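Let's take a friendly walk through a protein and DNA model together. Have the sequence and the 3D view ready, and follow along at your own pace.

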Number of protein chains: 2
Amino acid sequence: MKLRQIETFVAVAEHGSFRRAAELLHRSSSAVSVHVRQLEDELGLPLLERTTRRVVLTAAGRTLLARCRSALADLRSVAQDLKEEAALGCGRVSIGCAPSVSMYRLPPILAAFQEAHPGVTLQLHECFAQRMYHDVLEHVTDFAIGPRLPGLKDFAFRPILLDPVVAVLPYARPWRGRSSVRLDELAGLPLVSMTRDSAMRIQIEQAFRAQGIPFEPRFEVVHHQTLFSLVENRLGVTLLPRISVPARKGDYVVAELCEPAIARELCLISLNGQKLSPAAQRCAEMVVSGLRARAAALKAVTE
Amino acid sequence: MKLRQIETFVAVAEHGSFRRAAELLHRSSSAVSVHVRQLEDELGLPLLERTTRRVVLTAAGRTLLARCRSALADLRSVAQDLKEEAALGCGRVSIGCAPSVSMYRLPPILAAFQEAHPGVTLQLHECFAQRMYHDVLEHVTDFAIGPRLPGLKDFAFRPILLDPVVAVLPYARPWRGRSSVRLDELAGLPLVSMTRDSAMRIQIEQAFRAQGIPFEPRFEVVHHQTLFSLVENRLGVTLLPRISVPARKGDYVVAELCEPAIARELCLISLNGQKLSPAAQRCAEMVVSGLRARAAALKAVTE
DNA sequence: TGCCATTACGCCGGGCGTAAGAATC
DNA sequence: GATTCTTACGCCCGGCGTAATGGCA
């Protein structure tokens with residue numbers, strides 16, 4: 001069975017004439033006749049009832065027509081779709097992202113991308129490291145934004161920025177005006193934190209233990225925003241990756257943690273040895289440069 | 001774009017190797033290589049990332065693979081399906097049928113057909129003439145069983161039987177033992193009839209008028225069975241096409257109407273100049289012979 | 001160096017058009 | 001007899017395999 005034969009058969013069936021089909025396809029009617037006969041021979045069934053005056057589909061012809069039409073149309077549209085996809089006219093970009101990043105920083109970047117390429121469908125999977133890496137491996141996502149995990153050789157890492165842990169402190173003495181804070185200064189202060197056991201929180205706990213300071217959160221909350229409300233109401237302090245701190249200043253102080261400084265490297269994570277789709281590539285560029293620009297702006301303000 | 005190229009591409013993509021694809025397809029690897037290159041050239045996009053050690057799909061390749069696989073599978077299965085359909089292994093037969101016929105006579109015939117060809121899906125459209133003819137014309141049904149209508153040249157009619165109108169009378173004097181009845185004998189008797197204005201009922205009304213007998217049903221009912229219950233309870237008599245009278249004898253007399261005799265020709269109705277599908281053909285045969293056999297048996301009993 | 005994809009080249013089959021034939025109205 | 005599908009025939013393109021080339025480990 002060849003695509004040409006099917007194409008010819010469909011044309012004949014739709015126009016009820018070998019002659020007209022031949023005209024439309026810019027072929028001789030002998031070619032058309034042969035194509036149809038070949039199909040019939042291969043299937044062992046008559047597809048068309050021919051009189052010299054009229055050509056009518058047999059039952060087999062009708063079912064063949066119906067199924068071939070859809071298959072043909074599908075194949076034809078693929079070419080067009082792929083070209084549009086390459087031109088960023090359409091396509092789908094699926095992104096895995098750590099919650100800390102997707103919380104504030106990512107959305108405006110995605111919005112910019114969406115505006116530049118309205119034909120592309122964006123999908124965001126907010127998840128923690130394990131799921132994130134799994135999704136990239138399985139092509140569930142095209143790429144991910146998250147912490148670099150060691151010992152994984154199937155992945156390509158492109159560093160985006162170093163995300164330091166900051167303390168969020170009440171806008172009051174002695175914190176007002178501070179841009180950095182030592183961990184031991186926080187000893188004894190009431191801690192508030194998320195209940196979720198993210199990799200970051202584990203890293204912070206370890207830092208507390210290493211300094212001999214107990215990590216005993218006074219409040220454990222589900223919603224990120226609640227942390228800030230608690231701090232603003234002077235109920236405690238919290239430690240967070242800076243990137244998850246809203247840009248809009250609130251009634252609190254954000255001071256970078258030092259001694260020990262804790263930071264994680266945020267990377268663009270993709271599959272090793274595989275090019276991204278044009279749309280994904282463009283999107284990844286915008287994400288990387290967008291996140292870096294924000295980080296640079298923040299650093300400038302701090303210094 | 002040719003089917004072979006797609007086939008080759010799919011094989012390469014699925015096995016991640018030109019060499020293995022060539023083996024599976026019983027082709028040289030040069031042919032495989034050329035096919036893929038031709039596809040890429042035609043689409044203007046790379047489909048596979050090749051290193052000598054590994055072959056990986058590009059994004060475009062992935063979407064092409066997904067869509068081609070389904071289209072290919074669809075085309076492949078068509079051949080098989082058509083052959084099975086020709087062998088009555090599967091397929092669909094859609095039948096239009098007058099309610100009088102489908103009420104009692106048709107179901108056992110369809111059951112026999114279904115038993116003989118369990119793979120074939122049967123569909124029954126019970127409807128009156130106009131719809132019935134329309135459905136045949138539009139290929140909604142393969143054929144129909146109903147009255148012959150004059151002046152329609154797109155249809156082929158195959159007479160099945162002449163269906164006479166019979167009177168259904170109380171099993172009591174003076175009807176007991178009667179096998180025929182004149183219309184004037186019914187004058188003055190309470191009539192029961194269906195509310196539905198079928199062509200048959202109109203024909204019967206005309207016969208009444210022609211004889212100068214008023215057609216004023218005492219009861220008009222919705223359910224066919226009710227007619228018989230009314231007659232059995234001596235509340236009236238009714239006139240019906242014989243074919244819609246149940247075979248199982250009840251507490252009533254069935255007498256053929258004569259003077260005037262009213263009958264309609266029941267036909268197998270199909271499209272002129274079009275062969276039925278094998279399954280439909282077989283089914284039509286069984287329906288025709290089944291209906292004729294029943295009619296012959298009835299006539300034998302009556303005589 | 002060995003494996004694998006690619007390129008080069010020549011052969012052969014198959015698809016196409018032209019032209020003659022058959023069938024239907 | 002006109003129109004339309006079919007068959008016959010010959011040309012030529014294109015697909016295939018063999019063999020040589022080039023890359024990556």
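Which residues come closest to DNA strand C? They are K2(A), S28(A), F18(B), R19(B) and R50(B), out of the 22 residues that surround this strand. Keep in mind as you read that this is a predicted model.

## Around DNA strand C

You have just met the closest residues, which come from chain A and chain B. Now look at the strand itself: of its atoms within 4 Å of the protein, 72% belong to sugar or phosphate, and the rest belong to bases. Try finding some phosphate oxygens in the 3D view. One of them is 2.9 Å from an N or O atom in the side chain of H35(A). On chain B, a polar backbone atom of R19(B) is 2.8 Å from a phosphate oxygen of strand C, and for S33(B) an N or O atom of the side chain is 2.9 Å from a phosphate oxygen.

Which elements give two or more residues to this surface? They are α3 of chain A, together with α2 (18–25) and α3 of chain B. Sorted by class, the surface near DNA strand C has 11 polar, 8 charged and 3 nonpolar residues.

## Around DNA strand D

Next, turn to the other strand. DNA strand D has 22 residues around it, and R19(A), R50(A), K2(B), S28(B) and H35(B) come nearest. Of the atoms of strand D that come within 4 Å of the protein, sugar and phosphate account for 73%.

Chain B offers some good examples to look up. The side chain of K2(B) has an N or O atom 2.8 Å from a phosphate oxygen of strand D, and the side chain of R4(B) has one at 3.1 Å from a phosphate oxygen. With S28(B), the backbone takes part: one of its N or O atoms lies 2.7 Å from a phosphate oxygen.

The surface near strand D draws at least two residues from each of these elements: α2 (18–25) and α3 (29–43) of chain A, and α3 (29–43) of chain B. Its class count is 3 nonpolar, 11 polar and 8 charged residues.

## Where chain A meets chain B

How many residues of chain A are in contact with chain B? There are 35, and they touch 35 residues of chain B. Together the two chains bury an area of about 3100 Å², with carbon and sulfur atoms giving 61% of it. R67(A), L75(A) and L82(A) supply 20% of the area that chain A buries against chain B, more than any other three residues.

Across this interface there are 6 salt bridges and 8 residue pairs in polar contact. You can look for a salt bridge between the side chains of R67(A) and D74(B), with N and O 3.2 Å apart. On the side of chain A that touches chain B, α1 (3–15), α3, β2 (55–57) and α4 (59–86) each give two or more residues. The largest share, 19 residues, comes from α4(A). By class, this side of chain A has 17 nonpolar, 11 charged and 7 polar residues.

## The domains of chain A

Now zoom out to the whole of chain A. This chain is divided into domain 1 (3–78), domain 2 (92–158 + 272–302) and domain 3 (161–264). Between the centres of domain 1 and domain 3 of chain A, taken over C-alpha atoms, there are 72 Å.

F157(A) is a residue worth finding, and its place is in strand β6 of chain A. Leaving aside neighbours within four places in sequence, F157(A) is in contact with several residues, including Y133(A), R148(A), L149(A) and C267(A). The C-alpha atoms of F157(A) and Y171(A) are 38 Å apart, with these positions 14 residues apart along the chain counted from one to the other.

## Backbone details to look up

Is the peptide bond from R173(A) to P174(A) cis or trans? The bond is cis, with omega near -5°. P174(A) sits in the loop between β6 (155–170) and β7 (180–182) of chain A. In chain B, the peptide bond from R173(B) to P174(B) is also cis, with omega near -5°, and P174(B) lies in the loop between β6 (155–170) and β7 (180–182) of that chain.

For one more stop, find H26(B) in the loop between α2 and α3 of chain B. Its phi is near 55°, a positive value in a residue other than glycine.

How values were computed
Residues numbered from 1 in each chain as written. Chains lettered and ligands numbered in written order. Predicted model: local features only at pLDDT ≥ 70, side-chain atom pairs only at ≥ 80, totals over all residues. Heavy atoms only, no water. Near = heavy atom within 4 Å. Polar contact = N/O pair within 3.5 Å; in protein donor to acceptor, adjacent residues only side chain to side chain. Helix = DSSP H or I, 4+ residues; strand = E, 2+ residues; numbered from the N terminus. Nonpolar A, V, L, I, M, F, W, Y, C, P; charged D, E, K, R; others polar. Contact = heavy atoms within 4.5 Å. Buried area = accessible area lost by both parts, 1.4 Å probe. Salt bridge = Lys/Arg side-chain N within 4 Å of Asp/Glu carboxyl O. Domains from an automatic or database assignment.
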